[in-house]
Amino acid sequence: MIDQVAIRRSLGFDLVPVEDWLELEREEKRRLLLEDRVEFLADGESVPVREALEELRTSPVAA
Amino acid sequence: MTLSDLWLLIAAGFVFLMQAGFLCFEVGLARRKHQPAVALKNLIDWAIVTTLFLLIGFGVMFGDSAGGLFGVSRFGGDVGELPGGFDVQGLTFLLFQLTFAGTAITIVSGALVERITVAAYAVLTAAMAVAIYPVIGHWVWGGTIGGADGWLRDLGFHDFAGAGVVHLTGAAVALVGIAAVGPRLGRFGADGSVRDFAPSNTPMAALGTVVLWLGWWGFNGGSAFGATADVPLIILRTNIAGAGGLLAALVVALVLGDTRRLGVTMITGALAGLVAITAVADRGSLLAAFALGVIAGGAAPHLGRLLLSLKIDDALGVVPIHGAGAVIGLVLGPVLTGTGDLGLVEAVVVQLLGVGAIIGWSAIVGGALMVVLRRTIGLRVAPSQERLDADDEPTPTPVVDAPRDRLTEADLADLL
């Protein structure tokens with residue numbers, strides 16, 4: 001289950017809980033994803049982006 | 001050059017040696033993949049501190065006081081003459097203080113190892129060198145070499161060699177740093193479990209502890225600011241407090257049957273005892289010093305476990321060692337070793353006020369900076385850099401990056 005999202009900033013990453021990611025504006029999420037600046041993590045392990053987005057779209061957290 | 005100059009120069013060398021102690025301690029307790037980065041961060045912070053504290057920080061700490069809050073002169077290494085009563089040159093004093101600043105700042109790195117970027121750590125180090133450590137130093141030690149006293153010193157706050165100024169400041173910044181950076185990946189399971197991140201080299205950490213312990217002789221012994229008759233007793237108090245801390249940590253662990261990572265527990269206890277006595281190494285009997293070490297060393301490992309239960313990933317136990325050790329030394333120290341000119345209650349109140357002020361300033365400035373860094377340059381290394389391979393070996397650097405599954409606008413229309 002996705003529990004953290006690493007967002008790349010200029011010189012490092014900002015690690016945020018998945019709830020914070022979900023609260024971002026759709027446009028902001030779209031921009032970060034298109035710029036390849038997002039890594040989804042489940043228990044510290046990377047999850048492929050498509051798989052992660054599918055999971056988040058249907059997860060109870062997103063609801 | 002006087003004999004006191006010579007002693008203070010030697011003591012400064014001992015304190016600088018603590019950089020090597022911290023390096024060994026941190027490298028030994030970190031996981032193997034992160035050892036090189038941990039070592040390099042320790043080198044980098046010394047280079048930054050050397051530059052910024054010498055040019056700016058010393059003046060903020062020991063310059064003429066602006067209302068007891070910060071200094072406004074003696075910048076750029078222009079120390080000038082020290083007042084009568086000092087048997088050392090100004091530049092000797094500056095060098096000694098520089099090694100103290102380096103100690104305060106390198107304490108922070110231990111809490112944030114394995115995940116903070118070099119860039120973020122460098123900025124934090126710079127802020128520590130000019131705006132956090134020297135301001136607190138001015139409150140407590142401002143006026144030592146002339147001018148009006150810092151406001152805490154004026155109230156009678158006693159911190160002989162920097163349990164508060166050096167260790168508590170470092171621990172408080174470390175704590176807000178931990179909150180901003182977050183735990184290491186995989187440290188806490190989704191089911192509430194805490195995963196064991198084993199030290200890579202406990203003997204190396206033990207060697208670092210011995211080097212730190214030796215450095216403490218200079219740290220506290222040098223704080224007499226001269227080759228005085230008090231120095232041997234100051235060093236003996238320091239030594240026995242460290243011993244008391246180690247033995248108490250060991251005995252408590254054995255009595256409770258908590259023998260997992262006993263080496264780390266003993267190291268934690270010894271260092272907490274050394275931190276505690278730093279507040280009052282100029283006072284009291286050897287027995288009182290031992291008792292203070294016992295209290296700090298007995299308590300510190302358990303604070304570490306409490307932090308873990310709160311999902312606070314203090315990687316190398318900075319808060320229990322330097323935070324709890326300092327608070328115990330500053331508050332209980334005067335109770336055990338004497339309160340100078342103040343009554344007992346007044347002394348404890350002033351000490352508590354000082355502890356609160358040190359934590360407050362460190363947390364506010366350090367916390368604000370970390371929030372800004374988090375939102376701008378980012379605080380953490382890439383998850384792939386942070387994670388360990390299954391065999392705990394360093395991750396090979398890819399020659400050619402694997403192609404990533406890039407998303408298109410059309411993909412996102414379905415996925416978001």
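Trainee: How many residues does each chain bring to the contact between chain A and chain B?
Mentor: The contact takes 28 residues from chain A and 25 residues from chain B, where two residues are in contact if their C-beta atoms, placed from the backbone, lie within 7 Å. This is a predicted model: local features need pLDDT of at least 70, side-chain atom pairs count only at pLDDT 80 or more, and totals for chains, interfaces and linings use all residues. Residues are numbered from 1 along each chain as its sequence is written, while chains are lettered from A and ligands numbered from 1 in the order in which they are written.

Trainee: Which helices of chain B each supply at least two residues of the side that touches chain A?
Mentor: They are α4 (118-141) and α14 (409-415) of chain B. Helices (H or I, at least four residues) and strands (E, at least two) are DSSP runs, numbered from the N terminus.

Trainee: Turning to the sheet in chain A, what is the strand order?
Mentor: The open sheet has 4 strands in the order β2-β1-β3-β4, with antiparallel pairing; two strands pair if DSSP finds at least two bridges between them. Its edge strands, β2 (13-17) and β4 (45-47) of chain A, each pair on one side only.

Trainee: How many bridges join β3 of chain A to β4(A)?
Mentor: There are 3 bridges between β3 (residues 38-42) of chain A and β4(A), and A:A42 stands opposite A:E45 in β4(A). These two strands form a hairpin with 2 residues between them, and A:D43 in the turn has a positive phi of about 55°.

Trainee: And what joins β1 of chain A to β3(A)?
Mentor: Strand β1 (residues 4-8) of chain A runs antiparallel to β3(A), joined by 4 bridges. A:I7 stands opposite A:V38 in β3(A).
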